[in-house]
Amino acid sequence: MKASTSKLLGFLLFFFFYHCQACPHYKFVVKEVPYTRLCSTKNILTVNGQFPGPTLYVNKADTIVVDVYNRGKYNITLHWHGVLQPRNPWSDGPEYITQCPIQPGAKFRQKIIFTTEEGTLWWHAHSAWLRATVHGAVIIYPKIGTSYPFPKPDVEIPIILGEWWKEDIMEIYQDVERYGGLGLTSEAYLINGQPGDLYSCSKPETFRLKVNKGLTYLLRIVNSIMLDSLFFSVANHTVTVVGSDGNYLKPFKRSFIYICPGQTIDVLLEANQSPNHYYMGASVFSIAVAGAYNNSTTTAIVEYNGNYTLSSPPVYPHLPSHNDTEATLNFTASLRSLADKEHPVDVPMEINTHMFYTLSMNTPCKNHSCPDGAWRLLASVNNISFINPSIDILQAYYCCIHGVFGTNFADFPQLYFDFTADYLPMEWEYPQLATEVRMLDYNSTVELVFQGTNLLNGSDHPMHLHGYNFYVVGLGMGNFNKDKDPLMYNLVDPPLQNTIHVPKNGWMAVRFKANNPGVWYMHCHFDRHMVWGMVTVFIVKDGESSEAKMLPPPPDMPPC
């Protein structure tokens, strides 16, 4: 009787918590509207008719409610990228992982619980490839009465890096899903929804940032791009990097930044140059062969106010070459947590769960010979290519529904070899197809090493973990050496990230404490790699206390 009363009380507390009227409420209406880019018009899916979508403004540790109305023609889910959602995977959003999709005509109320995050995050669709146009920034200010760990900027501006296809994005996605091909590359990159001066029919609408000399501008940069990492720069200006993924960093100056899909980076831009017009620009980083990526450059204009003689055209920024891997590694290695009294680090020192995950490109076709003669690709983690179930894993786990997923995801690959060799045996290219998860005990201390491989010529991979931040304690090129490389770990002030770039034929080591019970997705944020199966799931078991147990589901979870 006592246990039943306790469960009822817990449910009632959750019911009132989930429907708290004091929480700020937002209405997100998902609908198609026409947009014109690159000389042609097409319907795109948006939130509230906006592209990019609405920016959410909160303070640290706030809780908000977002009512999502699906008035589009596709199933959809929304994910709050980088929000930890303590004990509340029900509102995390990945399709068939933590929920079934919101069907056309339906509604779902999502409660977004902010805790330690501070800085810039973002939200986006997490079903099919709908996030190409369904996304927006999340600005998390310090708690009221506190301030930034750097001089307060005069102006703050979200800078959302996106891309545009002339074709319908769902048709491209369906081709990639059905045939396992690369899909069409985008025709343009975007800054705040606009391609910029260098593209056809785009100059009049180019995004302009008007600045006053002597002021400081906080640029909150989001890479919402589906398939590419980018370099970003402002001509004749250096920027001071101060944050990433909703966490502060030791400030450092650079003439450019590197940002992979899913990441956010906060930089301070001082308007300290001679009054003029200066391009801010973004171009691709890619180790793919020519033609397999968009090699164009998107621009916006930093326009100084005042009277002066204008350069024509605006001053152009320096951006690294498209395949400058060293530039990406040097930038990533420069990220350091503040690690001060107000912003302490808590790197797990005693590790009880070691994992080594290979990230590989694969094919399902023996001897590269598919039945229809097509070239098909898969992707894998530890040679397991993930298959989405027909109902969501969270529901199956919570309701003890058997047969939906297995719990045999391996901590280490079955086969060790020279992962970065130029020539690798063909038989290693064929993965296992499965829906396997990794169970973690509550409060486990985890070290996970990502190892990029050269199978099928390899690729880099922006890896993202839902429900957690992780400390990036080490990175390098070549094969990870378990005896030597940990001696060089940064355990003093490593950056705290939720998305990190694992280089082709390189490795990245991260640590985290599994103290957020629930079902949490981990995947490559190149969407074609995710479709091909570079995915796994962590299920973190409940702890002993009530504060260490997953919350019950809300009453309006979308049905499968």
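This is a short conversation about reading a predicted protein model, from its overall fold down to single residues.

Biologist: Where should I start, and how many helices and strands are there?

Modeller: Start with the secondary structure: this predicted model has five helices and 32 strands.

Biologist: What does the radius of gyration tell me about the protein?

Modeller: Set it beside the value for a compact globule of equal length. For 560 residues that value is near 24 Å, and the protein has 23 Å, so the two agree. Along the principal axes, the C-alpha atoms fill a box of roughly 80 × 60 × 50 Å.

Biologist: How much of the protein is buried, and which residues make its contacts?

Modeller: Buried residues are 61% of the 560. For contacts, look at sequence separation: of those with a separation of 6 or more, 80% join residues 24 or more positions apart.

Biologist: And what about the surface and the charges?

Modeller: The accessible surface is about 22,200 Å², with 52% of that belonging to carbon and sulfur atoms. There are 39 positive and 48 negative side chains, and the centres of these two sets are 6 Å apart.

Biologist: Let's go to single residues. Is R109 buried or exposed?

Modeller: Check its relative accessible area against the 20% cut-off for buried. R109 has 14%, so it counts as buried. This arginine sits in strand β6, residues 107-113, and its side chain makes a polar contact with the side chain of D67 at 2.7 Å.

Biologist: How would L184 compare on that scale?

Modeller: Values between the buried and exposed cut-offs are called partly exposed, and L184, at 46%, is therefore one of these. L184 belongs to the loop between α2 (169-179) and β10 (188-191). Leaving aside residues up to four places away in sequence, L184 touches W165, E167 and I172. Its C-alpha atom is 9.4 Å from that of I169, 15 residues away along the chain.

Biologist: Now the backbone. Where do I find cis peptide bonds?

Modeller: Look at omega. From F51 to P52 the bond is cis, with omega near -10 degrees; P52 is in the loop between β2 and β3. Another cis bond joins S312 and P313, where omega is about -5 degrees, and P313 lies in the loop between β19 and α3.

Biologist: Which residue between β29 and β30 should I look at for its phi?

Modeller: Try N505, in the loop between those strands. Its phi is near 60 degrees, a positive value in a residue other than glycine. N505 is also buried, because its relative accessible area is 15%. A128, likewise not a glycine, has a positive phi of about 50 degrees and is found in the loop between β7 and β8.

Note on methods:
Residues are numbered from 1 along each chain as its sequence is written. This is a predicted model: local features need pLDDT of at least 70, side-chain atom pairs count only at pLDDT 80 or more; totals for chains, interfaces and linings use all residues. Side-chain values use heavy atoms; hydrogens and water are left out. Helices (H or I, at least four residues) and strands (E, at least two) are DSSP runs, numbered from the N terminus. Buried means under 20% relative accessible area, exposed over 50%, partly exposed in between (1.4 Å probe, protein chains only). A polar contact is a pair of N or O atoms within 3.5 Å; within protein, one must be able to donate a hydrogen and the other to accept it, and residues adjacent in sequence count only if both atoms are side-chain atoms. Contact means heavy atoms within 4.5 Å. The radius of gyration is taken over C-alpha atoms; the globule rule is 2.2 Å times the number of residues to the power 0.38. Accessible areas come from the Shrake-Rupley method with a 1.4 Å probe; for residues, only the protein chains shown count as cover. Lys and Arg count as positive and Asp and Glu as negative; His and the chain ends are not counted. The place of a charge is taken as NZ of Lys, CZ of Arg, CG of Asp or CD of Glu.
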